[in-house]
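These are my notebook entries on what I looked up in this structure, kept short and in the order in which I checked things.

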Amino acid sequence: AIAAGPSIVRYGAVAAVLAALMTLVQKDLRGFYRGTTAMHGGMLFAAIGAASIGNFAAALLVAVSMGLALGGLGMMITSLEERVGPVMFRGPGGRVGAFPKLAGAFILFGGAGVGLPGTAGFVADDLLLHTLWMESPTSTVVIILSSAMVAVATLITFSKTFLGKTVASLAPDLYPRERAVALTLLLLLLLLGFAPGVLLGPADAFLTVVPS
């Protein structure tokens, strides 16, 4: 595992940057989500490779924060398209007035996926970059650039989807059950952002080998 680690890290970095580049040129909301998911998949590969030198905390937190952030983002995209149909970037935006809660949750989940301070994504990225640096400084720079490009793509997507001339809609904002799920995911992201030891402490105790 230790010998294969550097190769896995480099593969993950290349996969992440290629997916990030594709995310920048998507023309619809689903394409953005596919590209974002692929980029995070590359980051997870890199994290697994970095875990070969014993720092499993980064891989664990990357996996959990990725699942929470992408799960929430995917739910917001699904909820929006259930109300307005497939969202193309060349069409009208201005949906924030009709769906303020949905728009707020969308940008928070998108931000958490690219290391928004105070969320689990921020701690995961910090741990990952420190660990990656010990394996491959070049891959570390590539991962930073990949995350930055997806952050830009997230802002562009939010702008084209929710901002602009107001578009009226008779569809409701998030239903109570959707708000409950979104709030739960956001609270978990904040909990792990401010107290990552809640997850990493028990994991460390379980995975650490105790000398006999």
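Entry 1, Gly197. I looked up Gly197 in this predicted model and found that, with a relative accessibility of 46%, Gly197 counts as partly exposed, because the buried class ends under 20% and the exposed class begins over 50%. Gly197 belongs to helix 8, which runs over residues 197-207. I also checked its separation from Ala57, which lies 140 residues away along the chain, and the two C-alpha atoms are 10.0 Å apart.

Entry 2, Leu24. I placed Leu24 in helix 1, residues 5-24, and its relative accessibility of 34% makes Leu24 partly exposed. Leaving out residues up to four places away in sequence, I found Leu24 touching Met149, Val152 and Ala153. For Leu24 and Pro86, 62 residues apart in sequence, the C-alpha to C-alpha distance came out at 19 Å.

Entry 3, Ser65. Is Ser65 buried or exposed? At 6% relative accessibility Ser65 counts as buried, and I found this residue in helix 3. Its contacts, not counting residues up to four places away in sequence, are Ala120, Gly121, Ala124 and Leu189.

Entry 4, helix 4 on its own. I checked the length of helix 4 against expectation: its 14 residues should span 20 Å at 1.5 Å a residue, and the C-alpha atoms at its ends are 20 Å apart, so the two values agree. The buried residues that I listed for helix 4 are Leu102, Ala103, Ala105, Phe106, Phe109, Gly110, Gly111, Ala112 and Gly113. I then asked what covers these buried residues of helix 4, and the cover includes helix 2, helix 3, helix 5 (120-135), helix 6 and helix 7. Just after helix 4 I noted Gly115, which has a positive phi of about 85 degrees.

Entry 5, helix 4 against helix 6. Two packed helices are described by the angle and the distance between their axes, and I looked up both. The axes of helix 4 (residues 100-113) and helix 6 (residues 137-162) come within 10 Å and cross at roughly 170 degrees; the two helices are therefore roughly antiparallel to each other. On the side of helix 4 the residues that meet helix 6 are Leu102, Ala103, Phe106, Ile107 and Gly110, and their partners in helix 6 are Thr154, Leu155, Thr157, Phe158 and Phe162. Sorted by class, this contact has 7 nonpolar, 3 polar and no charged residues.

Entry 6, helix 6 on its own. I found 26 residues in helix 6, with 37 Å from its first C-alpha to its last, close to the 38 Å expected at 1.5 Å a residue. Helix 6 is followed by Gly164, for which I noted a positive phi near 110 degrees.

Entry 7, the nonpolar cores. Which residues of the largest nonpolar core touch the most other members? Of its 29 residues, I found these to be Leu29, Met76, Phe106 and Phe109. Helix 2 (29-50), helix 3 (56-84), helix 4, helix 6 and helix 7 (176-194) each supply at least two residues of this core, and helix 3 gives the most, with 7 residues. I followed Phe106 further and, not counting residues up to four places away in sequence, found it touching Leu29, Phe32, Leu73, Met76, Ile77, Thr157, Phe158 and Phe162. Apart from the largest core I noted another, of 22 residues, with Ala20, Ala50, Ala59 and Leu128 among them.

Key:
Residues numbered from 1 in each chain as written. Predicted model: local features only at pLDDT ≥ 70, side-chain atom pairs only at ≥ 80, totals over all residues. Heavy atoms only, no water. Axes fitted to C-alpha atoms, helices over the stretch in contact; angles between N-to-C directions. Parallel < 35°, antiparallel > 145°, perpendicular 65-115°, else oblique. Contact = heavy atoms within 4.5 Å. Nonpolar A, V, L, I, M, F, W, Y, C, P; charged D, E, K, R; others polar. Core = buried A, V, L, I, M, F, W, Y, C linked by side-chain atoms within 4.5 Å. Buried < 20%, exposed > 50% of the residue type's maximum accessible area, 1.4 Å probe, protein only. Expected span 1.5 Å × (residues − 1).
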